[in-house]
Amino acid sequence: MSRSFPDLVQLFDHLSAPSANLGLGRFCAQPIPGYTGCAIGKDASGNPVLLIQADNALPGTAAPLVLEHLCVIHLVNCRIQTGENAEQRRTLSVIRCTVTDRAIHEYFLRCLHPIVVSLRQSPSRDQISEAVRKLVDLFRRMADIPRKTVVGLWAELLLIARSSDPACLLTAWHAIPEEKFDFAYGIDRLEVKAALGGLRQHHFALEQLRPIGQVRVLIASLLTERSEGGTNLNELVDSIRARVANPDHLIRLDSVVAQTLGQDWRAMQHTRFDLQQAIHSLRFIDATTIPSVTIPTPPEVSAVHFRVDLTQHSTPSPNTLIQGSGMFRAASPHFEL
């Protein structure tokens, strides 16, 4: 179980902008509870910054990094306002969001979670640069073409959030969204399918239902619909973060989400689906019991895709299959969100 991580958006919102613009190094800031070497700050333009106390005695590069939405500068002589009259002067590494856009501010602050968790007390500048590299990758993904529907990603995150072992599923989660299966470990494959509305109709590739060799496939099927009062992607990500302590797993979580959404990154906050409908409709189905195209297909035929209506599909729960696989057991629900 991960220790509770503070809400960086909330910390940022409680800060005032510096009283005067006296240059790059003037910030109002609040230390991040539990991570004394890091602080969330606000610059004179109202943009968020992460301030890090680096171990500048250790060797490392001090070269600045400037991108479209970010800049990273080491060895900055900062003037930090921590109250109405209190001010500190410190030499810090500064990771700054440079765009005056509330949605980007929230994205930046939320992406800092695994970065902060991964840093030890007083890291070297090289260690900070390595952590920032992962943050930069997330921001670069904002310009990519979306790789999957929002509801498809939402369903995968829901499965991880409710699983008995989210760390196991994060390890098995697809490195790229276009992979044939959503989760893979050894000979086991897990594919998540979501349908909007009341009909359990899903699209499959033939290889997902009738794989070659000894591969075992479990299908997680659920129904949901858009709902203004529903749950968004950010909330599912937060529920996963609350149960995962390993920084590498947290960074993988953010990386797969960023790769999948690309230019649709604003859907993290704005697109909501009915959580209770999804939870109550979730079913695990042995892929071998799902109707499929007859095989073998002619050698000239490939890339076969089709839709299957499972609304009336009533086979027993595949308990034997689930109990025989560590990954399938990990996907089994742990609790109600």
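Select Phe273 and the residues around it: leaving aside neighbours within four places in sequence, Phe273 is in contact (heavy atoms within 4.5 Å) with Val150, Val151, Trp154, Leu196, Thr224, Glu225, Arg226, Ser227, Gly230 and Thr231. Phe273 sits in strand β12, residues 272-273, where helices (H or I, at least four residues) and strands (E, at least two) are DSSP runs numbered from the N terminus. With a relative accessible area of 1%, Phe273 is buried; buried means under 20% relative accessible area, exposed over 50%, and partly exposed in between, with a 1.4 Å probe and protein chains only. If you add Gly229 to the selection, its C-alpha atom lies 8.0 Å from that of Phe273, although 44 residues separate the two along the chain.

Before moving on, keep in mind that this is a predicted model, in which local features need pLDDT of at least 70 and side-chain atom pairs count only at pLDDT 80 or more, while totals for chains, interfaces and linings use all residues. Residues are numbered from 1 along each chain as its sequence is written, and side-chain values use heavy atoms, with hydrogens and water left out.

**The whole chain**

Zoom out to the full protein, whose secondary structure comes to twelve helices and 14 strands, and whose C-alpha trace spans about 75 × 40 × 35 Å along its principal axes. Of the 337 residues, 51% are buried. Among contacts with a separation of 6 or more, 74% are between residues 24 or more positions apart.

**Helix α8**

Next select residues 247-261, which form helix α8; at 1.5 Å a residue its 15 residues should span 21 Å, and the end C-alpha atoms are 21 Å apart, which agrees. The expected span here is 1.5 Å times one less than the number of residues in the helix. Twelve of the 15 residues of α8 are buried, so the helix is largely enclosed by the rest of the structure. Colour the buried set to see His249, Leu250, Ile251, Leu253, Asp254, Ser255, Val256, Val257, Ala258, Gln259, Thr260 and Leu261. Showing the surroundings then brings up what covers these buried residues, including α2 (102-118), α3 (125-140), α4 (150-162), α5 (166-172), α7 (233-241) and α9 (267-270).

Which residue caps the N-terminal end of α8? Asn246 does, with a side-chain oxygen 2.7 Å from the backbone nitrogen of Asp248. Just after α8, Gly262 takes a positive phi of about 55°.

**Arg266, beyond the helix**

Continue to Arg266, in the loop between α8 and α9, which is partly exposed with a relative accessible area of 38%. Leaving aside neighbours within four places in sequence, Arg266 is in contact with Asp101 and Ala103. The side chains of Arg266 and Asp101 make a polar contact of 3.2 Å; a polar contact is a pair of N or O atoms within 3.5 Å, where within protein one must be able to donate a hydrogen and the other to accept it, and residues adjacent in sequence count only if both atoms are side-chain atoms. A distance label between the C-alpha atoms of Arg266 and Thr311, 45 residues apart along the chain, should read 32 Å.

**Two buried polar side chains**

Now select Asn47, in the loop between β2 (35-42) and β3 (48-52), which is buried with a relative accessible area of 2%. A polar contact of 3.4 Å joins the side chains of Asn47 and Thr100. Apart from neighbours within four places in sequence, the residues in contact with Asn47 include Phe12, Gly41, Arg96, Cys97 and His105.

Then go to Arg26 in strand β1, residues 26-32, which is buried with a relative accessible area of 8%. Its side chain makes polar contacts with the side chains of Gln81, at 3.2 Å, and of Glu87, at 3.4 Å.

**The largest pocket**

Finish at the largest pocket, which holds about 560 Å³ of space. Of its 25 lining residues, the closest to the centre are Thr149, Glu191, Val192, Lys193 and His203. A pocket is found on a 1 Å grid over the protein atoms alone, as an open set of points where a 1.4 Å probe fits, with protein on both sides within 12 Å along at least five of seven lines, and lining residues have an atom within 4 Å of a point. Elements giving two or more residues to the lining are α4, β8 (188-196), β9 (201-205) and α6 (206-209), and β8 supplies the largest share, six residues.

Terms used. Points joined across faces, edges and corners; volume = space filled by probe spheres on them.
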